[in-house]
Amino acid sequence: MAEIERITGHTHLVGLIANPIRHSKSPAMHNASFAQQGVDAAYLVFETEPEDLPYVVEAFKRTGVDGYNVSMPNKMAIGQYLDELTDAARLMGAVNCVVNKDGKSVGHNTDGAGFMRNLKECGFECKGKKMVLMGAGGAGSAIFVQAALDGMAQIDIFNPKDSFFDGAVERAAKVSEETGCKIIVHDLADREALKKACDEADVLVNASKVGMKPMDDQSLIPAEFIKPGVFVADTVYNPQETLLIKTAKEKGNPVAPGIGMMLWQGAIGEKLWYDIDMDIDYIRGIVTE
């Protein structure tokens with residue numbers, strides 16, 4: 001295995017802008033992958049709030065940073081500061097991966113594709129199925145758009161009446177029209193609607209921050225709403241097993257923990273930045289040890 005022994009004047013830089021950020025496993029994942037494949041690059045984290053974005057985007061572009069990931073609370077805010085967006089990122093209304101090339105910053109979204117690949121690797125096929133999705137923010141919007149594009153028949157989204165709600169309703173209507181997938185956005189407070197949707201669903205998905213520290217003792221889906229046999233997935237990967245995933249496993253349900261989504265979206269990012277193929281099995285061992 002080729003290893004980068006030290007940072008030099010030739011070392012390239014990529015990273016992650018988010019807040020909170022210190023819990024992230026992305027540096028371990030990408031730095032191990034770069035070392036394994038002999039890529040002279042380093043991956044660092046940068047604590048960034050939405051008001052910092054115009055300065056960070058311009059600084060990274062001007063100083064030669066090859067690219068970076070974007071996580072909460074910046075996914076839905078950063079697009080306006082980039083030079084270009086891919087069609088997927090524009091449709092999803094969120095960016096989680098930026099490539100700086102030829103003087104331009106281009107926003108991509110690898111969350112949806114990474115999540116759906118993780119579901120497939122864990123044994124779930126989405127075509128013609130029904131999904132319940134908790135959260136309509138950056139990750140949630142990416143997931144419901146990609147799921148609809150991949151052939152999901154119906155998606156019931158539950159979100160509080162917050163700043164994401166109206167935008168999610170508009171985006172859901174547009175995606176539904178383009179894909180034929182039935183997408184309904186519900187108020188999270190409507191427990192009757194949530195129970196009914198969970199009873200009819202083939203897969204339950206948490207795309208909110210609930211389950212992440214300091215909310216690691218919480219779940220938006222009550223245990224009694226998880227019917228036998230339904231697939232259960234999370235986007236939270238720290239802790240590796242959220243309360244939702246633990247509860248589902250205890251009930252004997254098939255699960256797709258968030259660590260798989262992180263790995264697959266990370267692999268897509270490395271392909272965009274350096275045209276390399278991450279060794280998923282090797283890196284899984286690095287980030288879960």
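This passage describes two groups of paired strands and the packing of several helices in a predicted model.

The antiparallel strands offer a good place to start. Strand 5, spanning residues 97–101, is mostly covered, with 4 of its 5 residues buried. Strand 5 has strand 3 (residues 67–70) as a partner, and the two run antiparallel, joined by 3 bridges. Strand 5 also pairs with strand 6 (residues 104–108), again in the antiparallel sense, over 5 bridges. V98 of strand 5 can be followed in both pairings: Y68 stands opposite V98, while the bridge partner of V98 in strand 6 is G107. Strand 5 and strand 6 form a hairpin with 2 residues between the strands, and in this hairpin D102 takes a positive phi near 55°.

We turn next to the parallel sheet. Here 6 strands form an open sheet in the order 9-8-7-10-11-12, with parallel pairing. Its edges are strand 9 (182–187) and strand 12 (255–256), each of which pairs on one side only. Within the sheet, strand 10 (residues 203–206) and strand 11 (residues 231–234) are linked by 4 bridges in the parallel sense. In this pairing, N206 stands opposite D234 of strand 11. Helix 5 (residues 138–149) packs on the sheet and touches strand 7 (130–134), strand 8 (154–159), strand 9 and strand 10. The direction of helix 5 makes about 170° with that of strand 7. Helix 6 (residues 165–179) packs on the sheet as well, touching strand 8 and strand 9, and its direction makes about 165° with that of strand 9.

A helix pair completes the picture. Two packed helices are described by the angle between their axes and the distance between the axes. For helix 9 (residues 258–274) and helix 10 (residues 280–288), the angle is about 130° and the axes are 11 Å apart. Helix 9 is therefore oblique to helix 10, and helix 9 passes helix 10 in a right-handed crossing. On the side of helix 9, the contact is made by I259, G260, M262, L263, W264 and A267; helix 10 contributes I280, I283, R284, V287 and T288. By residue class, the contact of helix 9 with helix 10 comprises 8 nonpolar, 2 polar and 1 charged.

Note on methods:
Residues numbered from 1 in each chain as written. Predicted model: local features only at pLDDT ≥ 70, side-chain atom pairs only at ≥ 80, totals over all residues. Heavy atoms only, no water. Buried < 20%, exposed > 50% of the residue type's maximum accessible area, 1.4 Å probe, protein only. Pairing = 2+ DSSP bridges. Axes fitted to C-alpha atoms, helices over the stretch in contact; angles between N-to-C directions. Parallel < 35°, antiparallel > 145°, perpendicular 65-115°, else oblique. Left-handed = near helix turned anticlockwise from the far one by under 90°. Contact = heavy atoms within 4.5 Å. Nonpolar A, V, L, I, M, F, W, Y, C, P; charged D, E, K, R; others polar.
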